[in-house]
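Reader: Hello! Could you take me through the nonpolar core of this model, with the cysteines and the main pocket as a follow-up?

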Amino acid sequence: MNDARQLVSLCTENHLTISSCESLTAGLFTSTIASIPGASAILKGGLVTYFTPMKSVLAHVDVDLIQKYGVISEECAYAMAKNTRQIMDVDYCISFTGNAGPDAWEEKPAGRVYCAIASKKVIQVYGFQCTGLSRNDVREHVVMQMIDILIQTIQKENICQKKK
């Protein structure tokens, strides 16, 4: 939870807004951030696109992309973050898609997760293979990992901006 506090503080200090597009985490990231006092100043909201068609309906992920690569893919995570950042009009959007298990799905093993962070400058995709974890442990693990990565991304981008 300290990392979530750090993220809220960092965004508040830099007047940044965030949002999320969550599939396998089903709103866990947004809920984690919202549990921190002051989050309402930086968290615009999140889309929960757990059911595959909702990725197209809510996050405007192209149906052809989903048919070609599947929802458990770098391409889908990228599109979820990119499109939701634009929909929510935020500085940073984070996406989560994958297979929490217990069985393989889309020929991807349990624990395979793809996340992305979209800023106004760049979109970066991250892949995880969380072997031997329960469904909820996979979800919690990737949320905590991505909070750390989002903090590092914001720090890096804002340090570069301040030097200009």
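Author: Gladly; the core comes before the cysteines and the pocket.

This is a predicted model, in which local features need pLDDT of at least 70 and side-chain atom pairs count only at pLDDT 80 or more, while totals for chains, interfaces and linings use all residues. Residues are numbered from 1 along each chain as its sequence is written, and side-chain values use heavy atoms, with hydrogens and water left out.

A nonpolar core here is a set of buried Ala, Val, Leu, Ile, Met, Phe, Trp, Tyr and Cys residues joined through side-chain atoms within 4.5 Å. Buried means under 20% relative accessible area, exposed over 50%, and partly exposed in between, with a 1.4 Å probe and protein chains only. The largest such core has 32 residues, and the members that touch the most others are Leu-7, Ile-18, Phe-29, Ile-33 and Phe-96. Two or more residues come from each of helix H1 (2-13), helix H2 (28-34), strand S3 (92-98), strand S4 (112-119) and helix H6 (135-163). These elements are DSSP runs numbered from the N terminus: helices are H or I with at least four residues, strands E with at least two. The top contributor is H6, with nine residues.

Leu-7 makes a good close-up. Setting aside neighbours within four places in sequence, Leu-7 is in contact with Ile-18, Phe-29, Ile-33, Ile-147, Leu-150, Ile-151 and Ile-154, where contact means heavy atoms within 4.5 Å. Apart from this core lies another, of 19 residues, including Val-61, Val-90, Cys-93 and Ala-118.

Now for the cysteines. The structure holds zero disulfides, a disulfide being a pair of cysteine sulfur atoms within 2.5 Å. Cys-11 is buried at 0% relative accessibility, and its closest cysteine sulfur, in Cys-93, is too far for a bond because the two sulfurs are 12 Å apart. Cys-115 is also buried, with a relative accessible area of 0%; its sulfur is 8.6 Å from the closest one, in Cys-130, again too far for a bond.

Finally, the largest pocket has a volume of about 180 Å³. On a 1 Å grid over the protein atoms alone, a pocket is an open set of points where a 1.4 Å probe fits, with protein on both sides within 12 Å along at least five of seven lines, and lining residues have an atom within 4 Å of a point. Among the lining residues are Tyr-50, Lys-55, Trp-105 and Arg-135.

Notes:
Points joined across faces, edges and corners; volume = space filled by probe spheres on them.
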